[in-house]
Amino acid sequence: MAKRKFIINRYTKTRQGRNKILQITCSKCNTEICKYQKDGDGRLLRLYLDRILSHDTLTQVLTLDKKDIAPLICPNCHTVLAVPYIYKKENRLAYRIINSSIHKKEV
Ligand SMILES: [Zn+2]
């Protein structure tokens, strides 16, 4: 597998601690949804769109407005995993993860 470059932008500096890559999977059927770069420690409550590293449809969606972004849906079992919203504290597009709909694993 190709070595992934970490995304470094203005948000990176505001988070102390290490970055890690998480594999996000559907908790129902175990299908991989995306790879995600998490900055710092703590619980994963939301997925910032600019931190999602691989997702076929998401890469096209990143330039859209919030109202145009579809919920994150498992391509296999069609469970809704997360819904888009603006994280107000940073005025930043993110997916709010629906309780226990995903599993994460550090890779
Ligand atoms: Zn699924």
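Which residue in β2 is the bridge partner of Ile24? In this predicted model, Cys34 of β2 takes that place. Ile24 is also one of the residues with the most contacts inside the largest nonpolar core, which links the pairing of the strands to the packing described below. The protein contains one helix and eight strands, and 21% of its 107 residues count as buried.

**Overall arrangement**

- Read from the N terminus, the order of elements is β-β-β-β-α-β-β-β-β.
- Contacts between residues at least 6 apart in sequence include many of long range: 50% of them join residues at least 24 apart.

**The four-stranded sheet**

- An open sheet is formed by four strands, arranged in the order β4-β2-β1-β8 with antiparallel pairing.
- Its edges are formed by β4 (52-54) and β8 (102-106), each of which pairs on one side only.
- On average, neighbouring strands of this sheet are turned by 35 degrees against each other, with direction ignored.

**Pairing of β1 with β2**

- Seven bridges hold the antiparallel pairing of β1 and β2.
- Besides the pair of Ile24 and Cys34, Leu22 has Tyr36 as its bridge partner in β2.
- The two strands β1 and β2 make up a hairpin, with five residues between them.
- Within the turn of this hairpin, Asn30 has a positive phi of about 70 degrees.

**Pairing of β1 with β8**

- β1 is joined to β8 by five bridges, and these two strands run antiparallel.
- One of the bridge pairs consists of Gln23 and Lys105, the latter belonging to β8.

**The largest nonpolar core**

- This core comprises 16 residues, and those with the most contacts inside it are Ile24, Ile33, Tyr36 and Leu81.
- Two or more residues are given to the core by each of the elements β1 (19-26), β2 (32-39) and β7 (92-97).
- Tyr36 thus appears in two roles: it is among the core residues with the most contacts, and it is the bridge partner of Leu22.

**Surroundings of Leu81**

- When neighbours within four places in sequence are left aside, the contacts of Leu81 include Ile33, another of the residues with the most contacts inside the core.
- Leu81 is likewise in contact with Cys26, Leu72, Ile73 and Cys74.
- Further along the sequence, the contacts of Leu81 are Ile97, Ile98, Ser101 and Ile102.

Definitions and conventions:
Residues are numbered from 1 along each chain as its sequence is written. This is a predicted model: local features need pLDDT of at least 70, side-chain atom pairs count only at pLDDT 80 or more; totals for chains, interfaces and linings use all residues. A nonpolar core is a set of buried Ala, Val, Leu, Ile, Met, Phe, Trp, Tyr and Cys residues joined through C-beta atoms within 7 Å. A residue is buried if 20 or more other C-beta atoms lie within 10 Å of its own, exposed if 12 or fewer, and partly exposed in between; C-beta atoms are placed from the backbone. Two residues are in contact if their C-beta atoms, placed from the backbone, lie within 7 Å. Two strands pair if DSSP finds at least two bridges between them. Axes are lines fitted to C-alpha atoms, for helices over the stretch in contact, and angles run from 0 to 180 degrees between N-to-C directions.
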